[in-house]
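Biologist: I am new to this structure and would be grateful for a close look at its salt bridges. Please take the pairs in turn and explain where each partner lies.
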Amino acid sequence: MPKILVIRFSSIGDIVLASPVFRCLKKQLADTELHFVTKRSFAAVTSANPYIDHFFYYEDNMEELIASLKKEKYDYVIDLHRNWRSRKIRKALKAKSYVIRKLTVEKFLLTEFGINLMPKRHITQRSLDTILPLGVKDDGYGLDYFIPEKDRLKQEDLPMSHSAGYLALVIGANHYTKRLPVDQLRTLCSLIEYPIILLGGKDETAAGQQVAAIDDVRIYNACGKFSLNESADIVRGAKLVVSHDTGLQYIACAFRKPLLAIWGGTSPKLDVEPYYGSLFMQNQQEPVYENVLMDLRCQPCSKYGGSSCPLGHFRCMKGLDMGRLAAQINQRLHTKK
């Protein structure tokens, strides 16, 4: 029975994008015991994943963590993070290791100089490439996300006004340059002819209140009110998801939800666009997702997003046509009624 450790410390989206690795390893290597190490703060992302047998968590306890991992005597280590922490673990465990191709130089050239040498191979596919030497291949089923039963929403958790269907609008994101300004969000929501649930963390609560003030019956501000898994369940129940480049965007993909992905300081050029898996996509007659972006010369300006626009104009978000986006949303939702 092979024992395998997978390393991916963060973030929500990156862990979800790596989820096919767990499934493919577990299903294609007989009797594999699969362990996973991530940051404690991201434990909820995989806590209900049935393909992972045991979890280890990092929270500034590297020496203690390595001591625990050494006791497991792994046959293989799959490093999907490739930073100094994961390298330290690999070196300490002395097991046969396979490491993701991170494309640090290519991303630097793209974000700093606009030179695009990216291989046009999605990060999920590159994660799966990492386990090819073990004879494990992409099964084509796309991303996974599992919600524990205790985190499933009850009917009374959402307003009655949204019980017949709603649009999930994810206004949260870790970095400023990934988020539409509040005035853009207000304009967008004023033009949407459908109940809306706003999703984000506690940091987006105030922004959500400003947006919901347009129509606090049609627009429900759920920012900061629900856990990650509860928010994921809201996404799972949506007719359509509109999202910034953040974890819930990829969770929407895992649930095979139709999606409009909004890009600002980051871009699909970083090989991180929505991902559904080849088997699902080949059976779709209509587009499942669309990327919404200006596609400016200065875009992307960062791998992860930043606290301000490097050029000061923030045209990638301020210049997006909310009328056109609202028309796309209304058309998609009308066809689903």
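To begin with one pair, are Asp-144 and Arg-23 buried or exposed?

Modeller: Asp-144 and Arg-23 are both buried, where buried means under 20% relative accessible area, exposed over 50%, and partly exposed in between (1.4 Å probe, protein chains only). The model is a predicted one, in which local features need pLDDT of at least 70 and side-chain atom pairs count only at pLDDT 80 or more, while totals for chains, interfaces and linings use all residues. Residues are numbered from 1 along each chain as its sequence is written, and side-chain values use heavy atoms, with hydrogens and water left out.

Side chains of opposite charge can pair when their charged atoms come close. Across the whole structure, a search finds 16 salt bridges (a side-chain nitrogen of Lys or Arg within 4 Å of a carboxyl oxygen of Asp or Glu). One of them joins the side chains of Asp-144 and Arg-23, at 2.7 Å from N to O. Because Asp-144 belongs to the loop between helix 7 and strand 6, and Arg-23 to helix 2 (residues 19–28), this pair ties together parts 121 residues apart in sequence. Helices (H or I, at least four residues) and strands (E, at least two) are DSSP runs numbered from the N terminus.

A second salt bridge is formed by Glu-63 and Lys-88, whose closest N and O atoms are 2.9 Å apart. It links distant parts of the chain, with Glu-63 in helix 4 (residues 62–70) and Lys-88 in helix 5 (residues 84–93), 25 residues apart. Glu-63 counts as exposed because its relative accessibility is 52%, whereas Lys-88, at 35%, is partly exposed.

In a third salt bridge, Lys-178 meets Asp-245, with 3.6 Å between the closest N and O atoms. Here too distant parts of the chain are linked: Lys-178 is in the loop between strand 6 and helix 8, and Asp-245 in the loop between strand 9 (240–243) and helix 11 (247–254), 67 residues apart. Lys-178 is buried, with a relative accessible area of 13%, and Asp-245 is buried as well, at 8%. Salt bridges that share partners also join Arg-23, Asp-139 and Asp-144 into one network.

Strands 6 and 9 both belong to an open sheet of 6 strands, in the order 8-7-6-9-10-11 with parallel pairing; two strands pair if DSSP finds at least two bridges between them.
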